[in-house]
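I am keeping these notes while I look through a protein structure, entry by entry. Each entry begins with what I wanted to look up and ends with what I found.

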Amino acid sequence: MREVPLYNSSLLRAYTVYIEKYYPEIDVDALLDKAGIDRLEVEDDGHWFTQSHINRFHEILQEKTGNLPLAREVGRHSATANIKSPVRQYILGFITPTTAYSLIGTVANKITRAADVTVQKLGEQKVVVTSIPREDVKENPFQCENRIGNLEALAKMYTGKFAEIEHPECLHRGDKHCRYIVSWESSPFSKFKRMSNYLTAAGMLICLLSIPFLTPIPWIVLLLSCLLVLAGFYFMIERLEKKDLLRQITDESDMADRLLNEINFRYNENLLIREVGEATSKILDIDALLKFIMDALETRSDFDRGMIMLADKERKWLRFVVGYGYGMEYTDVMKNVAFHLDKPGSKGPAVVAFKEKKPYLVTDINDIKGDLTPRSLEFAKASGTQSFLCVPIVYKDEALGVLVVDKVTAKQKVTHSEMSLLMGIAPQIAISINNALSYQKTQESEQRFRSLSENAPDIIYTLDSNGAFTYINPAWEKLLGHPAREVLGKPFIDFIEKRDVDGFLHYFERVRSDKTVVRDFPLIIPHMKGPERHFTMSGAPNLDAEGGFIGLVGTLKDVTEQRNLEDQLRHATKMEAVGTLTSGISHDFNNIIQAISGYNQLLLMRRTESDPDWKYLNNINKLIQRSSELIRQLLIFSRKMESRFEPLNLSQEIEKFYELIARSIPRMISVRFDMDVDLYLVSGDRAQLGQVIMNMAINAGDAMPDGGEITISTRNVNIDRNETRHNILMKKGHYALIRFSDTGHGMDRETLDRIFEPFFTTKDVGKGTGLGLSVVYGIVKNHNGYIICESEQEIGTTFYIYLPALDHPYTEEDYKKASREEDLSGTETILLVDDEKYLLEGGRDILNHFGYDALVAETGEDALEVFKKERDRIHLVIMDLIMPGMGGLKCLSEILKIDPATKVVIASGYAANIKKSDLLKNGAAGFVQKPYHLHDLLREIRRVIDSPTNQLVV
């Protein structure tokens, strides 16, 4: 029970009054502070102390005074001391000590909760008092001594003498309780009154008995003498009675004044609590709320001044918000006052109350001089502050600010009762501030939601329990064209495609019945005036306060562009797959064509034009060249063929094709050229780009069988940032643009989606291979460019080809190289490696025909064996790239390990993932693409053998 309040402050106040009178050298405030007790707590009639407070205080006091019977002396002193106590006033209101002692149990309950006190009357001036401690209460001997002193002093209040006390049973001697037998003398008034009664009876008896013995005159003298004595006694009794009545009236008047003040205080306190409570439930504006609270405090409390200070959002400062009683000059100063909260050394009362979340009571401003800054102390003195209280405004263990009140008059002090009142009001203020902040945040949140909703790119919607719209944001009208008034109140299914209705109803029912969230449900919603748009729908149940389903809330995300990009990706993936397949097939075709070409060239070398078979062999040679060109186009499309890049001016390149273009298209079609002479240079393959120009011009002509116009133009284009055009991501940079436009019949969407696919054609059978635009697509991609097609039926088609411009100021002339005729024969030994027997046989005969000594090997393993044996006389190795077993690159590596100076030429019809730069890293000295012409092979052999190094020329 140590932490339970058990003893009224009047008990300790009797101690402080006694010490101040008999031990003036002891600092009572310091003694109380050491015991953990505040002086204002002692002065407050409504305050109660715990057993630990009482014990600690008495121990310290006993140590200071060394007076063992101190507790009994304090109890005795309470009879004569002018102690401010409602209990003392209550006792003095009794007429006689007998009445006072008989009601001692009632009085005890007003000053202590530690024991039950009973009184038994033994006589007119004698009672038995029994004190039984309550459960879990452990009294100390000094408290028993103090009780004896109080019992002794009670009689002295009436009789002027201490009562006699017998203590037969004591708790501290092993008994179960303390028992006190109290006896006292009569009061002077009682004695005189009793004596007067005796004298009156005696006088009357004397007068009656003396009648027979005295003459009338002496008897009258005797009677008058008795009356005179009795009158004197009655006069004394009246004086004593008036004195007691005056004392009683004075005490009861003081008590009435105190009760009236207490009633008035409690009345104002209740009004203040009620008004603050009503205000906190109605006012949601923080400034208006705090102003109302200050006005209520000014009206209903005894504080001369008050103010509220709140912390900023960063909790670095405590700033004045509102106050009263300071006057205009001090109010303006207070508005600029701020206390640091982020400085560890700040010791100001407001800061301490805020940080520790405990009230801070100051009875004298001089007591805290050391804790105030010079400016704050100067302000406090100038404003006349004497006693003030700082109460923290705390919500959920977080301080929001402080409530500060003060009294200017030095005699007036802030009491603990007033502190308790403000401690009850401060949480209401905190709750109200939090509610106001929450309301403000709710409004801000609503504003943010409104702003977010109105500016969101996605559609935000709500549906009622039947699936009808109750809200849509402006994105609906932006994406689908319907004004909100035409949508709200209508069912969702009225706006979606019929094929999606069943899916939506199932989706809606899941949300309604299972109260689950459904995400990314795909559906199509037609635009009010345009094409359909693709959306993914997400939604969650909208529930009321009781958890009942009242509708659905969610978003519609427009994924139309994403779907288009996915289509583009699928198309690109398909093109890549076709390209991979094409490049793989080209290897086998190249080997076959190369073998046929080798045999045909051997036959041609052995015949003249007069030979009857010359014509057929020559036609075979032309067919081989056409087949090689077809394979070359396939490789260009698949971007697996090495290109020979050089700086080019596309305007100049197109000019070279003027006459050729004009002769290649029907005469009813006019061609208009619009060239930019200052066009950016590009890095390009002249032959491939020439093929693009002719292919695009011929395709445009084929699209206008009845005549029309073709426009070919070039322009410089600058793209400032990465952007998407027609679902193609184009990187920022400088580009040279070629624009091919015709006025033909145009294309529908299905045709437009397939125009770059190989072997796709809209021409009749036998009028096209379907490789034209696919080759153009491959060439453009091979040049790191972009090709975009726009077409509208019955209006025409336009192709845009963007090629990246060169960053270097080079010209074409810087890259031109003079070519010269060379002697293609030789006498060196060449190792020919290929897994095709026909190529080995034909290649060996051709090399022998031109004077070379040819060695052959069908695999990489065989080539290594031959090379190890004949390495001293082998001048060159010609090797296929793709062979079973050890591939060409592995064989190349092993040969160079044996002799790093060996020169190796790679000959292959398969170029997937293989570039000349890769071959250079692996040590190759040359490369020829199958199918190759005889003179191309001989020229490459001669170049490599005659070069001083074995490095590949790129």
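**Entry: a pair of helices early in the chain**

At what angle do helix H1 and helix H4 pack, and how far apart are their axes? Before answering, I note that this is a predicted model. I looked up helix H1, which covers residues 9–22, and helix H4, which covers residues 51–65, and I found that they pack at an angle of about 15° with their axes 12 Å apart. Angles under 35 degrees count as roughly parallel, so H1 and H4 are roughly parallel to each other. I also recorded the handedness, and H1 passes H4 in a left-handed crossing.

Next I asked which residues of H1 and H4 meet. On the side of H1 they are Leu12, Tyr15 and Ile19, and on the side of H4 they are Ile54, Phe57, His58 and Leu61. When I sorted the contact of H1 with H4 by class, I wrote down six nonpolar residues, one polar residue and no charged residues.

**Entry: helix H5 against helix H9**

I then turned to helix H5 (residues 70–77) and helix H9 (residues 141–159), whose axes come within 7 Å and cross at roughly 25°. That angle makes H5 roughly parallel to H9. The crossing in which H5 passes H9 is right-handed.

From H5, the residues Ala71, Arg72, Val74, Gly75 and Arg76 take part, and they meet Phe142, Glu145, Asn146, Ile148, Gly149, Asn150, Glu152 and Ala153 of H9. By class, I find that the contact of H5 with H9 divides into five nonpolar, four polar and four charged residues.

**Entry: helix H27 against helix H28**

Further along the chain I looked up helix H27 (residues 860–870) and helix H28 (residues 888–898), which pack at an angle of about 15° with their axes 10 Å apart. H27 and H28 are therefore roughly parallel to each other, and H27 passes H28 in a right-handed crossing. H27 makes the contact through Gly860, Ala863, Leu864, Phe867 and Lys868, while H28 makes it through Cys891, Glu894, Ile895 and Ile898. In my class list for H27 with H28 there are six nonpolar residues, one polar residue and two charged residues.

One of the residues of H28 in that contact is Cys891, and I checked whether cysteine 891 is buried or exposed. Its relative accessibility is 0%, so cysteine 891 counts as buried.

**Entry: cysteines and disulfides**

How many disulfides does the count come to? I take a disulfide to be a pair of cysteine sulfur atoms within 2.5 Å, and by this rule the count comes to zero. I looked at cysteine 178 as an example, and the closest cysteine sulfur to its own is in cysteine 144, at 3.9 Å, which is too far for a bond. Cysteine 178 has a relative accessibility of 2%, so I entered it as buried.

**Entry: two lysines with a positive phi**

I reminded myself that most residues other than glycine have a negative phi. Lysine 357, although it is not a glycine, has a positive phi of about 55°. I located lysine 357 in the loop between helix H14 (349–356) and strand S10 (360–362), and with a relative accessible area of 32% it is partly exposed.

Lysine 396 also has a positive phi, of about 50°, and it is not a glycine either. Lysine 396 is found in the loop between strand S11 (387–395) and strand S12 (398–407). Its relative accessible area is 71%, so lysine 396 is exposed.

**Entry: lysine 731**

Where does lysine 731 lie? I found lysine 731 in the loop between strand S23 (728–730) and strand S24 (733–742), and with a relative accessible area of 55% it is exposed. Leaving aside its neighbours within four places in sequence, lysine 731 is in contact with Ile719, Asn722 and Tyr786. I also noted proline 804, which is 73 residues from lysine 731 in sequence and 9.7 Å from it in space, C-alpha to C-alpha.

**Entry: the whole chain**

Last, I wrote down the totals. The chain has 30 helices and 31 strands, and buried residues make up 46% of its 954 residues. Among contacts between residues at least 6 apart in sequence, 65% join residues at least 24 apart.

Methods
Residues numbered from 1 in each chain as written. Predicted model: local features only at pLDDT ≥ 70, side-chain atom pairs only at ≥ 80, totals over all residues. Heavy atoms only, no water. Helix = DSSP H or I, 4+ residues; strand = E, 2+ residues; numbered from the N terminus. Buried < 20%, exposed > 50% of the residue type's maximum accessible area, 1.4 Å probe, protein only. Contact = heavy atoms within 4.5 Å. Axes fitted to C-alpha atoms, helices over the stretch in contact; angles between N-to-C directions. Parallel < 35°, antiparallel > 145°, perpendicular 65-115°, else oblique. Left-handed = near helix turned anticlockwise from the far one by under 90°. Nonpolar A, V, L, I, M, F, W, Y, C, P; charged D, E, K, R; others polar.
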